[in-house]
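Here are a few friendly notes to read alongside the model. Please keep the structure open while you go through the points.

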Amino acid sequence: MITTVKRWTGVEVRALREARRMSIIDFAAHLGVSDRMVSKWEAGGANITPRPVNQAALDTSLARLNGEARVRFTEFVAPEVLSETRDTDVSDKPTQIRHPADGKLMTWIEEGIYLAGPRDEPIWLDGYYLDIYPTTNADYARFVAATGHPAPQHWESAAPAIEIADHPVVWVTWDDAHAYADWAHKALPTSQQWEKAARGTRGNIYPWGSQTTPAKCNVRGSGPGCTTPVDRYKSGVSPFGVYDLCGNVWEWLATSTTTSRFELKGSAFTSPFDRSAPSIFNDADRSMLDDDTGFRCITAALNP
């Protein structure tokens with residue numbers, strides 16, 4: 001069990017910052033707020049009223065303190081000035097699982113704040129599991145064999161060529177991707193779920209950080225000009241250990257933009273590097289299929 005603050009005071013905000021040994025600027029970036037806001041909270045005593053999204057960010061930051069930092073927090077805050085507290089369970093979810101339906105390796109993306117979109121807006125998301133790799137041709141072949149769903153047009157038969165088995169499946173429409181997700185007892189990620197997995201919680205521009213490094217992904221100019229194995233770009237993984245969130249193939253998402261259009265993220269081997277940032281918007285008609293578009297799945301539950 002851990003203790004989290006139910007109603008924050010300025011003393012507690014400062015104690016949390018000092019427990020994390022962060023400057024005001026670093027702590028503000030950690031929470032996704034301005035440094036002026038942190039200073040205002042710390043000077044506000046018992047009269048601060050953080051917005052719900054910021055309250056959630058503070059709660060999450062406190063809940064994630066390690067043992068030494070938690071001791072520092074309690075040392076900085078005297079019992080008589082602590083606000084009312086509640087006990088919450090520590091998450092017992094494993095960091096990685098192999099999904100029982102389609103056998104794919106998935107990683108846990110913990111609940112909490114991340115910085116979304118080109119304006120780095122702080123957004124709270126519940127936790128979920130995400131496929132570590134895009135759906136490969138081998139994964140999709142099991143779906144085709146089990147359901148009789150039509151094979152992608154680049155396969156010569158009902159199975160892919162051996163040399164592309166570990167490449168992401170392409171030539172799939174949004175409905176093809178959705179059908180696979182239903183078969184696997186999963187779902188397509190929303191735009192926000194996908195972006196959080198790619199950028200982490202600190203607002204990275206790219207999965208590996210904010211450095212402009214095209215060699216870390218399969219995009220036009222730095223890649224071989226075709227899809228690559230989904231585990232090839234090991235230096236380009238996200239803070240959650242997820243691969244190919246920049247380059248290789250665009251990925252279909254659950255977020256619709258109009259009646260028949262859905263968002264895509266990630267860029268592809270056909271894309272210039274300046275289109276690869278996870279915050280960039282793209283969408284397409286659900287019937288679109290191309291040699292640079294695939295998908296991956298999420299789930300909130302382990303059992304099919």
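1. A cut-off to start with: a residue counts as buried under 20% relative accessible area, as exposed over 50%, and as partly exposed in between. Please bear in mind throughout that this is a predicted model. With that cut-off, Asp-120 comes out as partly exposed, because its relative accessible area is 32%.

2. What does Asp-120 pair with? Its side chain meets that of Arg-199 in a salt bridge, at 2.7 Å from N to O. Arg-199 belongs to helix 8 (residues 191-199), while Asp-120 sits in the loop between strand 5 (112-116) and strand 6 (121-125), so the salt bridge ties together parts that are 79 residues apart in sequence. Arg-199 has a relative accessible area of 3% and is therefore buried.

3. Arg-199 also has a salt bridge with Glu-195, where the closest N and O atoms are 2.8 Å apart. Here the two partners are both in helix 8, four residues apart, or about one turn of the helix. Arg-199 and Glu-195 are both buried. Elsewhere, Asp-102, Asp-131 and Lys-186 are joined into one network by salt bridges that share partners.

4. How many salt bridges does a search of the whole structure find? The count is 11. One to look up is Arg-17 with Glu-42, whose closest N and O atoms are 2.6 Å apart. This pair links distant parts of the chain, with Arg-17 in helix 1 (residues 10-19) and Glu-42 in helix 3 (residues 35-43), 25 residues apart. Both Arg-17 and Glu-42 are buried.

5. Next, a helix pair. The axes of helix 6 (residues 137-147) and helix 7 (residues 174-183) come within 11 Å and cross at roughly 75 degrees, which means that helix 6 is roughly perpendicular to helix 7. On the helix 6 side, the contact includes Tyr-140, Phe-143 and Ala-146, and among the helix 7 residues they meet are Ala-179, Tyr-180 and Trp-183. By class, the residues of this contact divide into six nonpolar, one polar and three charged.

6. Finally, the sheet. Four strands make up an open sheet with mixed pairing, in the order 10-9-8-11. Strand 10 (283-285) and strand 11 (293-294) are the edge strands, each pairing on one side only. Strand 8 (residues 250-258) and strand 11 run parallel and are joined by two bridges. Where to look in strand 11? Gly-294 is the bridge partner of Glu-251 there.

Methods
Residues numbered from 1 in each chain as written. Predicted model: local features only at pLDDT ≥ 70, side-chain atom pairs only at ≥ 80, totals over all residues. Heavy atoms only, no water. Axes fitted to C-alpha atoms, helices over the stretch in contact; angles between N-to-C directions. Parallel < 35°, antiparallel > 145°, perpendicular 65-115°, else oblique. Contact = heavy atoms within 4.5 Å. Nonpolar A, V, L, I, M, F, W, Y, C, P; charged D, E, K, R; others polar. Pairing = 2+ DSSP bridges. Salt bridge = Lys/Arg side-chain N within 4 Å of Asp/Glu carboxyl O. Buried < 20%, exposed > 50% of the residue type's maximum accessible area, 1.4 Å probe, protein only.
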